[in-house]
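Please look through the sequence and the model below before reading on. The explanation is meant to be followed with the structure in view.

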Amino acid sequence: MPPDPFPGDPPEIRAAGVSKSFPGGVVALAPLDLTIAAGRTTALVGPSGCGKSTLLRLIAGLEVPSAGRITIGGVDPAVMRRDGAIAVAFQDPALLPWRTVRGNIALACKLARRPIDPARIERLIALVGLDGFGDTRPAALSGGMRQRAAIVRAMITEPRVLLLDEPFGAVDELTRRQLALDLPQLWQPRGTTTLLVTHSVDEAVLLADRVLVLSPRPARIVADIPVALPWPRPAETTTAPRFHAIADRVSAALAQGMARVAR
Ligand SMILES: Nc1ncnc2c1ncn2[C@@H]1O[C@H](COP(=O)(O)OP(=O)(O)OP(=O)(O)O)[C@@H](O)[C@H]1O
């Protein structure tokens, strides 16, 4: 295994004055300052089209800001990604159609120059409920199954930074709930710096240590809500009064952000 290019503590993500405009004049992000805590999970919630995916793509080094700068552990995101330190699972799973589920996952290891551990691949495939589909090609999977394969592909390399954009969007409600309970076991104890975009308030509170609520486009941070619930978080977490109190705060902040724009 090659030496970790970024040894030491998990990296912190910083955005300073970051904005993004697209040709045609769409301002997806107005200048935004943001610090994402190292080794923790931060959830981004906000109305559709406010710029969440754009922000994630900038942090992933897949887009370049129109102004401002993003650094991850002081390093440019594109450099981190090139060295396999960032993994992403986006709404569109983008699996290679000619490779099987197992082949897609193994390729991620190869590209990140990590060893291929067949037993770990099988464990993760089973964890996301894809047991028996390792030899299947993406075209023969449902949208939700493809998303689950993409989550395994993102996590198999044990990245320093994990970026998840609505990773359970096409998954049925029951599986989604199970994934939200199971998957943090993979990144939370390792101290992976994780950023999750979700439309589900409950999912944000269950998975994150902190929830950032964004306003409609161009996004501003309208609330920064800590989630002081202990890890690990079993299913009973979602029935605790504390969980509901935090979820209510997030929902209220979302509504407030919308109302401010409507006025
Ligand atoms: N490549 C692009 N070219 C032009 N406009 C874009 C591009 N990508 C995003 N946009 C625009 O930027 C804005 C923010 O889009 P983005 O996908 O970041 O929002 P979002 O908050 O992730 O939305 P959703 O929750 O619906 O996925 C939208 O108005 C979108 O149309």
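The paragraphs that follow take up the sheet, then the helix across it, and then the ligand.

This is a predicted model, in which local features need pLDDT of at least 70 and side-chain atom pairs count only at pLDDT 80 or more, whereas totals for chains, interfaces and linings use all residues. Residues are numbered from 1 along each chain as its sequence is written.

An open, antiparallel sheet is formed by 3 strands in the order β2-β1-β4, where strands are DSSP runs of E of at least two residues and helices are runs of H or I of at least four, both numbered from the N terminus, and where two strands pair if DSSP finds at least two bridges between them. Because β2 and β4 (67-72) stand at the edges with a single partner strand each, one side of each has no neighbour in the sheet. From one strand to the next, the twist averages 20 degrees, with axes fitted as lines to C-alpha atoms (for helices over the stretch in contact) and angles running from 0 to 180 degrees between N-to-C directions. Strand β1 (residues 13-22) pairs with β2 over 7 bridges in the antiparallel sense, and Ser21 has Val27 in β2 as its bridge partner.

Helix α1 lies across β1, β2 and β4 and runs at about 120 degrees to β1, contact meaning that the C-beta atoms of two residues, placed from the backbone, lie within 7 Å.

The residues around the ligand (C-beta atom, placed from the backbone, within 6 Å of it) include Phe22, Val26, Lys52 and Arg217. Both β2 (26-36) and α1 (52-59) supply at least two residues of this shell, and α1 gives the most, with 3 residues.
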